[in-house]
Amino acid sequence: MIGKLIVSGFQDLLNLFYPNPCLLCQDSLQQSEEIICTACRLQLPETGQHRGEALIDGQTKFAGKVPVEFVYAYLYFTKRGKTQRLIHALKYRGNKEVGNLLGRWYGNQLKTDIHLNDHIDLIVGVPLHPAKLRQRGYNQSDWIAQGLSQALDIPWSDRILTRNRNTISQTGKDRMGRWENVSNVFQISDPDLVTNKRILLVDDVLTTGATLEACTAALLASNSQSVGIITAAATR
Ligand SMILES: [Zn+2]
């Protein structure tokens, strides 16, 4: 305990002389700021999607495939933009905390603006392929899920939705073949834990939606009441 206090006191002292730089602009962070400075935060390209301001119609991606309650992305993803740099830090530079931060920031908006917390029972991240998880050491979607969980005060789990070694291949398969293939990839470890539950499914970036579609199908097959989707970013 005392050792810890000394270390944390030493860290404060270090921060005084060498404050952490903002991940995006390298300016020194103020004590109340974490990872990203307020100026950069205000410039993040938020979609405003949950308030109906979006230019992305996420639900169209899933239309006729799986029923989803809602699809919200926090930020627009543009090449070489701020969002890309954040996602890059989260996925390839070991900066897990970025995921937690984005999850918390968006979770607070979703709680204040649309009371999303009243409509969700459980949060799950899209699982990584086991080989990728071993290589990266963590699942970035779980870190976003954890941040959302903290802000919305809803439990999350990285155990319930699991992924095996198969990959999703969709080329040259008819619809039934595709479902068969996809149902081999994601599994629910304990179906009782999702039965009649309203699930919030979380991923880092919304692209084709194929993986999210497969996860949604697995959850609904285990009798989840509903599935809604949130991603940290989406292409316009
Ligand atoms: Zn900054």
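Is the crossing of α5 and α7 left-handed or right-handed? The crossing is right-handed (clockwise turn of the near helix from the far one by less than a right angle; anticlockwise would be left-handed). The model is predicted, with local features requiring pLDDT of at least 70 and side-chain atom pairs pLDDT 80 or more, while totals for chains, interfaces and linings use all residues. Residues are numbered from 1 along each chain, and side-chain values use heavy atoms, without hydrogens and water.

**View A. Packing of helices α5 and α7.** Helix α5 spans residues 96-114 and helix α7 residues 140-152 (DSSP runs of H or I, at least four residues, numbered from the N terminus). Their axes lie 6 Å apart at an angle of about 35 degrees (lines fitted to C-alpha atoms over the stretch in contact; angles from 0 to 180 degrees between N-to-C directions).

**View B. Residues in the contact of α5 with α7.** Contact (heavy atoms within 4.5 Å) involves residues including G99, G103 and Y106 of α5 and W143, G147 and L148 of α7.

**View C. The zinc site.** C22, C25, C37 and C40 coordinate the zinc ion through their SG atoms at 2.3 Å (donors are N, O and S atoms within 2.8 Å of the metal, or 3.2 Å for Na, K and Ca). The arrangement is tetrahedral because the 4 donor atoms subtend angles of 105 to 115 degrees (all angles between 85 and 135 degrees are required). Along the chain, the donor spacing is C-x2-C-x11-C-x2-C.

**View D. Exposure of C25 and C37.** C25 is partly exposed, at 30% relative accessible area, whereas C37 is buried, at 7% (buried, under 20%; exposed, over 50%; partly exposed in between; 1.4 Å probe, protein chains only).

Methods. Helices (H or I, at least four residues) and strands (E, at least two) are DSSP runs, numbered from the N terminus. Four donors count as tetrahedral if all angles lie between 85 and 135 degrees; four count as square planar and six as octahedral if opposite donors are over 155 degrees apart and all others between 65 and 115; anything else is irregular.
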